[in-house]
Protein chains: 2
Amino acid sequence: MVRSLTSKPSLAGPLTAAPSPRGAAADTPPAARRRLSPADREKSIAAAAIAFFAERGFEGQTRELAAILGITQPLLYRYFPSKEALIERVYQDVFVGRWDPFWEELIGDRRIPIADRLTRFYVSYAKVILTPEWIRLFMFAGLKNLDFNARYLKFLRDRIFEAVVEELRDHFGRPSLKRVPVLDIEIEMVWSVHASIFYLGVREFIYRLPPGCSVQDIVAAKIQMLLGGVAAVLPAAEPAP
Amino acid sequence: MVRSLTSKPSLAGPLTAAPSPRGAAADTPPAARRRLSPADREKSIAAAAIAFFAERGFEGQTRELAAILGITQPLLYRYFPSKEALIERVYQDVFVGRWDPFWEELIGDRRIPIADRLTRFYVSYAKVILTPEWIRLFMFAGLKNLDFNARYLKFLRDRIFEAVVEELRDHFGRPSLKRVPVLDIEIEMVWSVHASIFYLGVREFIYRLPPGCSVQDIVAAKIQMLLGGVAAVLPAAEPAP
DNA sequence: CGCACTGTTGATCGATCGATAATCAACAAT
DNA sequence: ATTGTTGATTATCGATCGATCAACAGTGCG
């Protein structure tokens with residue numbers, strides 16, 4: 001459920017250090033606290049929480065997050081009732097808030113050649129998920145035993161994978177999914193494209209190994225492979241009407 | 001204050017519940033402690049630690065681990081000086097101890113057709129890494145910022161990836177790596193096979209989604225794809241001597 | 001049986017962490 | 001300036017976690 005995708009993800013670089021609300025010198029005197037409007041404060045906390053939990057994991061301490069924000073830890077609890085609620089907000093902003101409804105439109109837009117459509121979709125999707133926040137948070141979420149990832153991937157399968165398969169069926173003159181239910185092997189071929197993109201993120205943001213190729217190249221190659229390999233696997237074509 | 005953990009934490013999950021050194025009935029009287037030889041005790045702790053940290057992550061509590069073993073927490077510290085040392089032992093047992101030196105031999109055994117060699121290697125390698133312990137521990141290790149994963153993957157690249165590329169060069173009559181250094185794109189093709197196997201493990205043991213195909217099928221398909229795709233990418237062949 | 005050796009436990013320390021309550025102080029209205 | 005509202009901080013509680021140590025108990029030897 002899209003709660004409110006008002007907050008631009010944007011979020012600054014890798015964990016902006018404490019903006020030093022206090023002076024630079026050692027043990028500054030008063031404190032010079034900064035009053036922000038509730039909306040601004042909440043947004044700044046949510047944005048910092050995304051970067052923070054992505055880096056440290058959900059076991060990251062609230063005191064450390066507060067220090068990064070340059071505020072005190074109890075202030076977090078004025079805007080979020082619990083750490084768990086803050087984490088829930090992070091999920092919303094990253095995984096729900098960055099979902100682009102246009103993707104589903106694009107995949108089904110038959111005025112565009114299928115290879116272009118798929119390439120454009122996957123490049124766009126890759127831009128969204130190939131960030132340290134998305135990749136690491138998704139992995140952290142998966143390693144907790146919540147069903148969040150399973151639900152996300154079910155959503156992805158229903159909205160994207162099946163749409164891609166339907167378009168491939170159409171392109172190769174095969175029966176629609178409405179007539180012949182989707183095959184495991186077809187889903188698996190789409191998984192393969194998805195996996196190779198996701199794994200680029202794992203290599204870069206979890207293993208910290210520089211990627212060998214550009215995302216663009218990988219995507220283009222995988223789409224070509226998908227289109228090339230799919231014909232051999234789809235159910236027998238029916239005679240055109 | 002419930003300091004004493006009289007109440008079994010029980011920790012829901014799969015993780016074999018405490019083997020009840022104490023009787024089954026509620027609040028059994030004396031304790032019936034079991035004396036094990038130091039070697040056996042250490043092995044049992046190390047084995048339980050692997051399953052435990054793989055499930056709960058390295059933030060898992062030593063008290064919980066001890067409860068699973070049916071021993072008390074201080075006993076862990078008789079066999080391992082610190083939690084960190086225990087985790088180090090887990091790394092050793094899983095990532096070093098399960099490495100099979102025969103793999104390197106197999107890849108280079110030119111009496112066997114290359115497709116068979118690679119398939120046999122990858123099926124064997126998949127058997128080792130496609131376990132909840134290996135996959136989850138590797139991911140947990142990666143999400144901490146230690147360089148462990150980078151070191152492991154560097155090792156893998158030097159010992160396996162380059163050997164595979166060398167054999168592919170030989171098979172297609174191209175110059176050896178000693179004459180023409182390995183290309184990024186070649187490594188990337190091997191990465192692709194590795195990634196698709198690893199991702200099967202991520203799906204099964206992290207997302208908890210049942211895999212659609214057998215490992216055997218995936219490996220065979222990927223090897224075929226590797227052999228098919230590699231010819232178009234390798235540096236120009238040299239005239240045979 | 002009595003004794004020593006050592007595997008094992010109960011009790012507890014010090015540090016950490018999420019969360020709460022009381023208090024302070026910045027900003028706007030008057 | 002004075003005052004009320006409320007954003008922000010200080011102080012602290014209760015629980016948790018890694019680690020330590022003295023005391024207990026199982027085992028083998030004489």
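**How the labels were earned**

Colleague: What makes Glu162(B) and Arg157(B) a salt bridge?

Modeller: The closest N and O atoms of Glu162(B) and Arg157(B) are 3.7 Å apart. A salt bridge is a side-chain nitrogen of Lys or Arg within 4 Å of a carboxyl oxygen of Asp or Glu. The distance of 3.7 Å meets that limit, so the pair qualifies. In general, side chains of opposite charge can pair when their charged atoms come close. Please keep in mind that this is a predicted model, in which local features need pLDDT of at least 70 and side-chain atom pairs count only at pLDDT 80 or more, while totals for chains, interfaces and linings use all residues. Side-chain values use heavy atoms, without hydrogens and water, residues are numbered from 1 along each chain as its sequence is written, and chains are lettered from A and ligands numbered from 1 in the order in which they are written.

Colleague: Why is Glu162(B) called partly exposed?

Modeller: Its relative accessibility is 24%. Buried means under 20% relative accessible area and exposed means over 50%, with partly exposed in between (1.4 Å probe, protein chains only). The value of 24% falls in between, so Glu162(B) is partly exposed. Arg157(B), at 30%, earns that label too.

Colleague: Which parts of the chain does the salt bridge between Glu42(A) and Arg89(A) link?

Modeller: The side chains of Glu42(A) and Arg89(A) meet at 2.6 Å, N to O. Glu42(A) sits in helix H1 (residues 38–56) of chain A and Arg89(A) in helix H4 (residues 83–96) of chain A, 47 residues apart. Helices here are DSSP runs of H or I with at least four residues, numbered from the N terminus.

Colleague: How do you know whether Arg89(A) is buried or exposed?

Modeller: Arg89(A) has a relative accessible area of 16%, so it passes the test for buried. Glu42(A), at 28%, is partly exposed.

Colleague: How many salt bridges are there over all chains?

Modeller: There are 30. Arg110(A), Arg117(A), Glu167(A) and Asp170(A) are even linked in a network of them.

Colleague: What makes a residue count as near DNA strand C?

Modeller: One of its heavy atoms must lie within 4 Å of the strand. There are 25 residues around DNA strand C, and Gln61(A), Arg63(A), Tyr77(A), Lys83(A) and Arg78(B) come nearest. Sugar and phosphate make up 62% of the strand C atoms that come within 4 Å of the protein.

Colleague: How do you know that Gln73(A) makes a polar contact with a base nitrogen of DNA strand C?

Modeller: A polar contact is a pair of N or O atoms within 3.5 Å (within protein, one must be able to donate a hydrogen and the other to accept it, and residues adjacent in sequence count only if both atoms are side-chain atoms). An N or O atom in the Gln73(A) side chain is 2.9 Å from the base nitrogen, so the pair fits. The Arg78(B) side chain likewise has an N or O atom 2.8 Å from a phosphate oxygen of DNA strand C.

Colleague: Which element gives the largest share of the surface near DNA strand C?

Modeller: That is H3(B), with 4 residues.

Colleague: Why are the two copies said to be related as by a two-fold rotation axis?

Modeller: A rotation of 180 degrees with 0.0 Å of shift along its axis superposes chain B on chain A, at an RMSD of 0.0 Å. The copies are thus related as by a two-fold axis. The fit is by least squares on the C-alpha atoms of residues with pLDDT of at least 70 in both.

Technical notes:
Helices (H or I, at least four residues) and strands (E, at least two) are DSSP runs, numbered from the N terminus.
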